[in-house]
Amino acid sequence: MANFIEEVIERDLATKKHTKIALRYPPEPNGYLHIGHAKAILINYGLAQKYNGTCNLRFDDTNPIKENDEYVQAIIQDMKWLGWQGNIYYASDYFEKTLEIAKSLILKGVAYVDLSTPEEIKDMRGTLTQVGRESKYRNTSIDDNTKLFQDMIDGKFEEGKAVLRAKIDMSSPNMNMRDPIIYRVLNAHHYRQGDKYKVYPMYDFAHPIQDAIEGITHSCCSLEFENNRPLYDWVIQQSACFETIPHQYEFARLNIDGYKLSKRHLINLVQDNLVQGWDDPRMPTLVGLRRRGYTANSIKKFCNDIGVSKSNSTVDIAMLESCIRDELNHTAQRAMVSIDPIELVVIDRDDNWTENLELDTVVDGQTIDNSFVKISNKIYIDRADFAINPPPKYKRLTVGGLVRLKAAYIVKCEKYDTDCNGNVVKVYVSIVPNSKSGQDKSGLKGVGVIHWVDAKNSVDIKVRHFDKLLDENDKYNPNSIEILEAKMDKDFVNKAERFQFLRHGYYCIDKPVANIQQSNTQSQLVFNRIVGLKDGFKH
RNA sequence: AGGGGUGUCGCCAAGCGGUAAGGCACUAGACUUUGACUCUAGCACUCAAAGGUUCAAAUCCUUUCACCCCUGCCA
């Protein structure tokens with residue numbers, strides 16, 4: 001089952017239009033990559049792999065004002081994390097060639113220097129329903145244009161005083177074809193080229209040239225560039241100096257319900273300190289997702305599942321969650337962790353009582369782990385696992401009720417203590433005889449099971465639960481992070497990075513992504529909840 | 001004198017004239033020492049709408065409607 005781009009490639013390969021395909025992912029280094037970029041990366045790199053081609057990483061660094069090396073390094077790291085391999089190029093390395101082509105267009109009479117003000121140029125462009133007007137500089141002689149452009153290159157014009165324009169059609173219904181600007185004067189320091197250049201090419205001019213230089217066969221980008229394709233083709237055609245003629249194909253960008261996938265928006269969240277940084281676990285950035293605990297494989301699976309099409313769509317976050325659950329269900333270390341714990345005392349055992357119990361993990365009928373846990377007469381259970389007035393179908397501990405302590409015994413609740421506010425602080429239970437896990441002769445069936453943590457063997461941890469960063473009005477959701485106190489068996493803490501905390505969900509030890517400075521350094525162990533378990537309990 | 005795209009289940013998405021794949025979500029049940037996993041069953045007589053062509057239309061034609069993109073010296 002091939003998507004529409006694969007169909008094009010298969011046809012091009014079958015007709016020998018190309019014997020080998022070449023793709024590229026061309027980010028501007030002006031921010032961190034997010035999961036929407038992962039989709040684009042995986043489409044391009046995935047296509048290259050599937051058809052035995054190549055996929056370059058090319059930094060589209062034609063606007064020095066917004067770009068820097070921190071972003072370059074971060075992007076390289078994220079690309080590699082996703083499994084990409086290939087060559088790295090920089091658009092700014094092509095500036096000489098780009099300049100040369102611009103000069104040739106002047107010589108061909110299809111480019112001219114316009115000395116109009118930005119306002120005049122905007123005014124002359126017309127509107128969506130009105131044709132534009134031709135600039136008075138449109139018919140300057142080739143010699144004068146050549147000299148004028150050299151003056152631009154030499155820095156003889158201030159910013160905004162001169163631009164190089166392609167001479168196409170001021171009455172085109174496509175605004176991009178109304179004599180688009182292809183070079184502008186910029187007195188900015190370029191993070192790689194320094195102060196070498198005073199003029200910088202515009203995306204529409206530079207991009208097709210970059211593709212052609214690298215021999216790209218299929219230039220895949222997102223839908224909003226559809227209107228730029230005629231200009232892309234125009235530049236390639238007018239340049240007339242390339243062996244391979246690249247073609248542009250557009251696909252819909254990713255939208256996820258409850259998230260806003262735009263660099264601009266994410267950079268604001270970081271700058272406004274609404275999040276801790278680019279790698280905040282709530283962020284849809286690749287570094288954020290990674291810190292949250294998502295694996296590269298789960299993101300690949302997700303991008304594969306959502307498909308490639310040209311229709312604008314918004315994917316349910318449940319699809320992403322399903323991908324990581326599916327993976328971690330088979331790979332995550334299981335551990336019992338008591339969140340918002342209350343004390344539970346076994347009244348018919350003394351302080352010296354201890355047993356070593358076997359905790360098996362069975363998934364899909366397969367035993368994937370055997371661990372051991374100690375128990376004593378003082379343990380912790382979740383506050384939510386005890387109820388004085390249980391709701392219907394409650395399968396946990398109630399006054400006078402029975403429940404099995406996972407991997408241990410069935411216990412009966414004898415009594416409980418509350419504090420002055422009526423909150424339960426301690427629950428007392430007795431052990432049902434002959435009910436030990438694995439050798440149960442009690443004859444009791446259908447008893448609910450809850451997890452627990454041995455008090456003597458426990459360590460305090462914090463767990464962080466996350467919700468959507470934005471509310472339904474796209475405003476910051478202050479409840480997007482919740483920090484809870486919990487108890488964990490200290491023997492399990494270092495067993496893995498990613499856990500399934502039994503009956504809770506999948507968690508990952510919090511570890512700031514390298515390269516990114518982290519403001520809060522906690523001495524206490526912190527686990528991020530990647531995603532909760534599906535909950536079949538009908539409340 | 002506007003142009004370029006897209007509309008198939010709650011959400012993605014196959015389908016390319018021969019009688020609506022799949023995934024996610026959801027519902028019911030089985031199993032269960034995780035209310036998880038797994039299993040079983042259910043979930044579009046209909047493809048934005050209306051006409052038309054055809055033995056046969058989501059697929060072809062016509063008209064209409066809705067949504068997205070384009071008037072940066074951003075990419």
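Okay, let's start with helix α4: the residues buried there are Phe95, Thr98, Ile101, Ala102, Leu105 and Ile106. Those positions span an arc of only 150 degrees around the axis, so they sit on the same side of α4. Before I go on, please keep in mind that this is a predicted model.

Staying with α4 for a second, the helix covers residues 95-107, which is 13 residues. From its first C-alpha to its last it reaches 18 Å, close to the 18 Å you'd expect at 1.5 Å a residue. After the helix comes Gly109, and the phi there is positive, near 80 degrees.

Next up, a pair of helices. When two helices pack, people describe them by the angle between their axes and the distance between those axes. Here I'm talking about α11, residues 296-306, and α12, residues 317-331. Their axes come within 9 Å and cross at roughly 135 degrees. That angle is why we call α11 oblique to α12. As for handedness, the α11 and α12 crossing is right-handed. If you want to click on the contact, α11 brings Asn297, Ser298, Lys301, Phe302, Asp305 and Ile306, while α12 brings Met319, Leu320, Cys323, Ile324 and Glu327.

While we're on α11, have a look at Ala296, which is found in that helix. Which residues does Ala296 touch, leaving out anything up to four places away in sequence? The answer is Trp81, Leu82 and Gly83. Take Gly83: it is 213 residues from Ala296 along the chain, yet their C-alpha atoms are separated by 7.8 Å. And is Ala296 buried or exposed? Well, Ala296 has 16 other C-beta atoms within 10 Å, so it comes out as partly exposed.

Last topic, backbone angles. Most residues other than glycine have a negative phi. I've got two here that go the other way. One is Asp340, not a glycine, with a positive phi of about 50 degrees. You'll find Asp340 in the loop between β11 (337-339) and β12 (341-346). Asp340 is partly exposed, because 14 other C-beta atoms lie within 10 Å.

Then there's Asn434, also not a glycine, and its phi is positive at about 60 degrees. Asn434 is in the loop between β20 (424-431) and β21 (449-450). With 13 C-beta neighbours inside 10 Å, Asn434 counts as partly exposed too.

Okay, that's my tour. Happy to pull any of these up on the screen.

Notes:
Residues are numbered from 1 along each chain as its sequence is written. Chains are lettered from A and ligands numbered from 1 in the order in which they are written. This is a predicted model: local features need pLDDT of at least 70, side-chain atom pairs count only at pLDDT 80 or more; totals for chains, interfaces and linings use all residues. Helices (H or I, at least four residues) and strands (E, at least two) are DSSP runs, numbered from the N terminus. The expected span of a helix is 1.5 Å times one less than its number of residues. A residue is buried if 20 or more other C-beta atoms lie within 10 Å of its own, exposed if 12 or fewer, and partly exposed in between; C-beta atoms are placed from the backbone. The arc is that of the directions from the helix axis to the C-beta atoms. Axes are lines fitted to C-alpha atoms, for helices over the stretch in contact, and angles run from 0 to 180 degrees between N-to-C directions. Angles under 35 degrees count as roughly parallel, over 145 as roughly antiparallel, 65 to 115 as roughly perpendicular and the rest as oblique. A crossing is left-handed if the near helix is turned anticlockwise from the far one by less than a right angle, and right-handed if clockwise. Two residues are in contact if their C-beta atoms, placed from the backbone, lie within 7 Å.
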